[in-house]
Amino acid sequence: MGTFNVTVEVAAGPDGPFESMEAMVDTGATFTVAPASTLHRLGVEPTRRIRFALADGSRVERDAGWMVIRVGGIESPSPVVFGEDDGGLVLGSVTLTTLGLHADLVRQQLVPALACLPGIVLAPDREAA
């Protein structure tokens with residue numbers, strides 16, 4: 001697991017307005033988490049509550065909703081958890097997957113990921129058309 005920072009744009013919906021902000025890419029995080037105050041300011045509405053286990057073994061519940069995130073010109077809707085206001089934006093693996101990106105920890109940047117389709121098997125010397 002590792003972390004590094006990237007600049008992203010976030011909005012409540014595809015029509016924006018988008019806000020640019022720094023985000024920490026955390027390869028150990030499942031969901032993206034943003035400060036609740038930021039999400040409320042953008043107009044993101046909670047749609048459900050999710051229960052989480054913390055590293056110390058305790059359990060918490062947090063609101064979650066949907067936002068649109070843009071990284072390097074790639075845009076996608078993503079689930080987002082309403083976090084503490086003193087925390088920053090943390091990008092988790094679900095968001096990276098929806099964007100089709102992978103965390104390159106050596107170069108500390110996001111790079112295109114090779115996605116897999118179920119049921120399609122290629123011979124080692126062949127490429128998909």
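This passage walks through a pocket, a nonpolar core, a hairpin and a few backbone details of a predicted model.

Start with the open space. The largest pocket holds about 420 Å³, and 19 residues line it. Nearest its centre lie Val 33, Phe 52, Leu 54, Arg 62 and Val 81. Four elements each give two or more residues to this lining: strand 3 (32-35), strand 4 (46-53), strand 5 (59-71) and strand 6 (74-83). Strand 3 gives the most, with three residues. As for chemistry, the lining splits into 11 nonpolar residues, four polar ones and four charged ones.

Next comes the packing. In soluble globular proteins, nonpolar side chains tend to be buried together. Here, the largest nonpolar core counts 24 residues, and Val 8 and Leu 110 are the ones that touch the most other members. Quite a few elements chip in with two or more residues, among them strand 1 (3-11), strand 2 (19-26), helix 1 (36-42), helix 2 (93-99) and strand 8 (101-104). The largest share, four residues, comes from strand 1. Leu 110 gives a feel for how this looks up close: setting aside neighbours within four places in sequence, Leu 110 is in contact with Phe 4, Val 6, Val 25, Val 71, Leu 96, Leu 101, His 102 and Ala 103.

A polar residue is worth a look too. Ser 76 sits in strand 6, and with a relative accessible area of 9% it falls under the 20% cut-off, so Ser 76 counts as buried. Apart from neighbours within four places in sequence, Ser 76 is in contact with Met 67, Val 68 and Ile 69, as well as with Thr 98 and Leu 99.

Now for the hairpin. Strand 8 and strand 9 (residues 109-112) run antiparallel and are joined by four bridges. One of the pairings puts Asp 104 opposite Gln 109, its bridge partner in strand 9. Four residues lie between the two strands of this hairpin. Gln 108, in the loop between strand 8 and strand 9, has a positive phi of about 50° even though it is not a glycine. Gln 108 is also partly exposed, with a relative accessible area of 46%.

Most residues other than glycine have a negative phi, and most peptide bonds are trans. Gln 108 departs from the phi pattern with its value of about 50°, while the peptide bond from Gly 16 to Pro 17 is cis, with omega near 5°. Pro 17 is found in the loop between strand 1 and strand 2.

Key: Residues are numbered from 1 along each chain as its sequence is written. This is a predicted model: local features need pLDDT of at least 70, side-chain atom pairs count only at pLDDT 80 or more; totals for chains, interfaces and linings use all residues. Side-chain values use heavy atoms; hydrogens and water are left out. On a 1 Å grid over the protein atoms alone, a cavity is a set of points where a 1.4 Å probe fits but cannot get out, and a pocket is an open set with protein on both sides within 12 Å along at least five of seven lines; lining residues have an atom within 4 Å of a point. Grid points are joined across faces, edges and corners, and a volume is the space filled by probe spheres set on the points. Ala, Val, Leu, Ile, Met, Phe, Trp, Tyr, Cys and Pro count as nonpolar, Asp, Glu, Lys and Arg as charged, and the others, Gly among them, as polar. A nonpolar core is a set of buried Ala, Val, Leu, Ile, Met, Phe, Trp, Tyr and Cys residues joined through side-chain atoms within 4.5 Å. Buried means under 20% relative accessible area, exposed over 50%, partly exposed in between (1.4 Å probe, protein chains only). Contact means heavy atoms within 4.5 Å. Two strands pair if DSSP finds at least two bridges between them.
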